[in-house]
Amino acid sequence: MPVQQLKDFLDKSGTEYMCLTHPPAFTAQELAHHVQIAGDKVVKTVILELDGKMAMLVMPATWRIRWDSLSRILDTDFVDLADEQTFQNRFPDCEVGAMPPFGNLFDMTVYCAESLTEQEDLAFAAGSHTETVHMKTRDFLNLVQPLVLTRGFMKPGAQKPAWLRKGRQQPSEPSREQVPGMTG
């Protein structure tokens with residue numbers, strides 16, 4: 001059964017969902033494997049610290065965060081992964097690392113990768129490493145009302161920026177060709 005707070009919220013809203021029990025999964029990729037759902041449909045919940053305030057970022061399990069881009073789009077000087085010990089108490093009935101992507105239930109702003117909004121359905125940890133909720137994406141979006149981000153993520157298999165490739169140094173100042181909207 002999902003964490004009680006989540007279950008009560010979904011039941012009260014009349015949302016249809018399915019709870020799946022599976023062997024322990026400690027990563028979103030393992031969860032995708034256990035419940036036999038494509039990794040792009042499994043939600044990875046990441047707790048961020050934005051200028052000293054906690055926020056939740058939800059994205060496809062197979063995607064990675066582009067920290068430089070995420071910092072720009074959120075217009076913040078400091079974006080980092082929150083320390084588990086710092087946020088553990090905000091999710092009292094959840095196992096660490098299995099927080100459901102309902103930051104609104106835990107008094108957190110929720111940011112969502114646009115690619116998740118294009119999925120028909122999604123699955124996510126339900127507060128434990130052995131339980132997953134599967135539901136319609138439109139219901140998730142209606143219940144959570146996340147701020148949708150179009151940038152700040154990297155698809156699986158996407159080529160890294162030139163300065164991140166082996167043997168390259170990060171440029172100290174981008175050239176005009178690298179800065180969108182800047183003309184010479």
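**Pockets and sheets in a predicted model**

Trainee: How much space lies in the second largest pocket?
Mentor: About 430 Å³. On a 1 Å grid over the protein atoms alone, a pocket is an open set of points with protein on both sides within 12 Å along at least five of seven lines, while a cavity is a set where a 1.4 Å probe fits but cannot get out. Volume means the space filled by probe spheres set on the points, which are joined across faces, edges and corners.

Trainee: Which residues are closest to the centre of that pocket?
Mentor: F26, K44, T45, G97 and M99, out of 23 that line the second largest pocket; a lining residue has an atom within 4 Å of a point. Keep in mind that this is a predicted model: local features need pLDDT of at least 70, side-chain atom pairs count only at pLDDT 80 or more, and totals for chains, interfaces and linings use all residues. Residues are numbered from 1 along each chain as its sequence is written, and side-chain values use heavy atoms, leaving out hydrogens and water.

Trainee: Which element gives the most to that lining?
Mentor: β2, with five residues. α2 (28-35) and α4 (84-87) also supply at least two each. Helices (H or I, at least four residues) and strands (E, at least two) are DSSP runs, numbered from the N terminus.

Trainee: How do the lining residues of this pocket divide?
Mentor: Into 14 nonpolar, seven polar and two charged. Ala, Val, Leu, Ile, Met, Phe, Trp, Tyr, Cys and Pro count as nonpolar, Asp, Glu, Lys and Arg as charged, and the others, Gly among them, as polar.

Trainee: And what lines the largest cavity?
Mentor: F87, Q88, F91, C94, E95, V96 and M99. The largest cavity has a volume of about 30 Å³, and a search of the whole structure finds one cavity of 30 Å³ or more.

Trainee: Switching to sheets: in what order do the five strands sit?
Mentor: β5-β2-β3-β6-β9, as an open sheet with mixed pairing. The edge strands are β5 (79-81) and β9 (147-149). Strands pair if DSSP finds at least two bridges between them; β2 (residues 43-50) and β5 run antiparallel, joined by three. One partnership there is E49 with D80.

Trainee: What about the sheet of three strands?
Mentor: That one is open and antiparallel, in the order β1-β8-β7. β1 (17-21) and β7 (121-125) each have a single partner strand, so one side of each is left without a neighbour in the sheet. β7 pairs with β8 (residues 131-136) over five bridges, and F124 stands opposite V133.

Trainee: Where does pLDDT stay under 50?
Mentor: Over residues 170-184, which have six contacts beyond four places in sequence, a contact being heavy atoms within 4.5 Å. pLDDT is the predictor's confidence in each residue, from 0 to 100. The chain mean is 85, and 84% of residues reach 70 or more. Where pLDDT is low, the predicted coordinates should not be read in detail.
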